[in-house]
Amino acid sequence: MRFHLLILTVFLYVIQGVAQNKQLLYGLQEVPQNLLINPGAKVTFKKHYGIPFLSQFHINGGSSGVTVFDIFGESNVDINTRIRNKIFDLENTDFFTATQQLNILDFGWKSKQDIYFSAGIYEELDFIAYFPKDLAILAFEGNRDYLGYNFNFNDVSVTADLLTVYHFGANKKISDKLTVGGRFKIYNSLFNVRSVNNSGTFTTSVVEGTNNIYEHNFNDIDVVVNTSGLIAYEDFEGSVVSKTASRAILSGNFGFGVDLGGTYDITEKLSASASILDLGAIFHTKDVENYSATGSYKLDGIELLFPPLDVNELTFDYYTDLDEEIQREIVRDTTAASYTQLRPTKLNGALTYSFGRPLGSGVCDCLNMDGSVTTNQSVGIQVYTIFRPRRPQMAVTAFYYRKLFRFLAAKATITADSYSYNNVGLAAVADIGKFNFYIAADNLLEYGNLAKANSISLQLGFNIKIDN
């Protein structure tokens, strides 16, 4: 029991300390990496060079229905009771996510045709697992009190992906009102684990008037786990780090995608922007290993209740015959068949109203050295959607931007999403000479006790930015 609690503790801390929404960075035009969220954002600087491995570090994620504090916080309630209560509180639509991004290279320049080109390489880890409620109840409670209940294998839904992304984008101001942009991406997958769209049920029933009281039915089982890249490490002798580094450059599992975006000035003070990111797919053809179990089976020979009966009551030969019979009816197979994985496409959209002192002329010109804003304040609303295996995850953000000093700007946000309705965030960006630095963090209200937070986000970066 202690081992299981240790695993649960580590898991909850990992997923809460590390959703891909970057509402603090979106629209923050002083930051060059804003182009990675909206390739059609306004650009006024001439060049930028991201400091290698430091131009963007992003870690974000959480759980939609449980926190570390719910399980391990101070309470008069027994920990097993708290775990049981949470199992029944959560739904199979609740999820755990973790996303991490690291820019390896990032740079951009404006051409003679006033097209801003940008390119680079970044690494991304993306994980989501939905809570398998039925199987969690079966594992924790057993089936003794659930006669006639269908435990559904559809609750199993998980994906994990580690990849390197090579990208090249172009941004162009079409008119005084419209700026558009696009980005082409090549995905290089280091490893992928995917198990979605599973089906089948397990049911225990009482059959009256027979010698065998209980009947256990596995009905229409169809469970598939796709993996790629993992078997590359089997029987591997050598440095795992060097092996991973070489696979990060060239793994053999590639894909392609695009980002599209634009910004339109409706009036002098009101503007709209939108982007669609990672519209693409990865084709897994190398180091692929897929596991499947399909079929139906009815067992009515023993009272097979969980926790298991004393194995000494049954003979070894019986279990051997039973295992062979189950394998004949529920076929388990391992294949190397290629498969295609769609990327989790993301949508962003925002309305921004600018106000305050006008920048770019007169005494206020000192506040607009990079020319990225026209006034010193703005407010607005942003919407975000990411398409996940079970259903889309959405967020709505209200924000306030302020140019504080010649070298410093800040953005404050409050977000309602799948994790909470009061996620308060703050971002700051400083331009000191040609040096550009930014830092952004979410869920600031929970920093007094991170164990109570459903999600945590942090991003920061260092760039060299040339305005003329």
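**Notes on the predicted model**

1. Let's start at a loop. Phe53 sits in the loop between strand 1 and strand 2. Its phi is near 70°, a positive value in a residue other than glycine. Most residues other than glycine have a negative phi. Bear in mind while looking at this spot that the model is predicted.

2. A second residue of this kind turns up at Asn443, in the loop between strand 20 and strand 21. The phi of Asn443 is near 55°, again a positive value in a residue other than glycine. Is Asn443 buried or exposed? Asn443 has a relative accessible area of 4%, so it counts as buried.

3. Now the overall picture. The protein has six helices and 21 strands. Of its 468 residues, 47% count as buried. The accessible surface comes to about 22500 Å², and carbon and sulfur atoms account for 61% of that.

4. Strand 21 is a good one to follow through the model. Strand 21 covers residues 455-466 and pairs with strand 1 (residues 47-50) in the antiparallel sense, over four bridges. Within that pairing, Ile466 of strand 21 is found opposite Lys47. Strand 2 (residues 57-63) also runs antiparallel to strand 21, with six bridges between them; here Asn60 has Ser457 as its bridge partner. So much for the two strands on either side of the Phe53 loop.

5. Strand 20 (residues 435-441) is another partner of strand 21: the two are antiparallel and share seven bridges. If you want a pair to check by eye, take Phe435, whose bridge partner in strand 21 is Ile464. The loop that holds Asn443 lies between these two strands.

6. Strand 10 (residues 254-265) deserves a look too. On one pairing, strand 10 meets strand 7 (residues 178-195) in the antiparallel sense over 11 bridges. On another, 11 bridges join strand 10 to strand 11 (residues 270-284), also antiparallel. Gly255 takes part in both pairings: Tyr187 stands opposite Gly255, and Ile282 in strand 11 is a bridge partner of Gly255. How many residues make up the hairpin connection from strand 10 to strand 11? Four residues link the two strands there.

7. On to helix 3, residues 79-89. Its buried residues are Ile79, Arg82, Ile83, Lys86 and Ile87. They lie on the same side of helix 3, because they cover an arc of only 140° around the axis. Note that the list includes Arg82 and Lys86 as well as isoleucines. At the N-terminal end, Asp78 acts as the cap, with a side-chain oxygen 2.9 Å from the backbone nitrogen of Asn80.

8. Which residues have the most contacts inside the largest nonpolar core? They are Ile87, Phe131 and Phe151, in a core of 21 residues. Helix 3, helix 4 (133-141), strand 9 (214-228) and strand 12 (288-299) are the elements that give two or more residues to this core. A second core, separate from that one, has 14 residues, including Tyr26, Leu28, Ala409 and Ala427.

9. Phe151 is worth selecting on its own. Leaving out residues up to four places away in sequence, Phe151 touches Asp134, Ile137, Leu138, Gly142, Asn143, Tyr146, Gly200, Thr201 and Phe202. The list mixes nonpolar side chains such as Ile137 and Leu138 with Asp134 and Asn143, among others.

10. Lys133 belongs to helix 4. With a relative accessibility of 13%, Lys133 counts as buried, since that is under the 20% cut-off. Where does its side chain go? The side chain of Lys133 reaches the backbone oxygen of Leu90, at 2.9 Å. Beyond four places in sequence, Lys133 touches Ile87, Phe88, Leu90, Glu91, Asn92 and Asp155. Ile87 thus links back to the earlier points: Ile87 is one of the buried residues of helix 3 and one of those with the most contacts in the largest core.

11. Last, Asp114, in the loop between strand 3 (95-110) and strand 4 (115-130). Asp114 counts as partly exposed because its relative accessibility is 46%. Asp114 and Lys172 are 58 residues apart in sequence, yet their C-alpha atoms are 6.8 Å apart in space. Not counting residues up to four places away in sequence, Asp114 touches Asn171 and Lys172.

Terms used
Residues are numbered from 1 along each chain as its sequence is written. This is a predicted model: local features need pLDDT of at least 70, side-chain atom pairs count only at pLDDT 80 or more; totals for chains, interfaces and linings use all residues. Side-chain values use heavy atoms; hydrogens and water are left out. Buried means under 20% relative accessible area, exposed over 50%, partly exposed in between (1.4 Å probe, protein chains only). The arc is that of the directions from the helix axis to the C-beta atoms. A polar contact is a pair of N or O atoms within 3.5 Å; within protein, one must be able to donate a hydrogen and the other to accept it, and residues adjacent in sequence count only if both atoms are side-chain atoms. Two strands pair if DSSP finds at least two bridges between them. A nonpolar core is a set of buried Ala, Val, Leu, Ile, Met, Phe, Trp, Tyr and Cys residues joined through side-chain atoms within 4.5 Å. Contact means heavy atoms within 4.5 Å. Accessible areas come from the Shrake-Rupley method with a 1.4 Å probe; for residues, only the protein chains shown count as cover.
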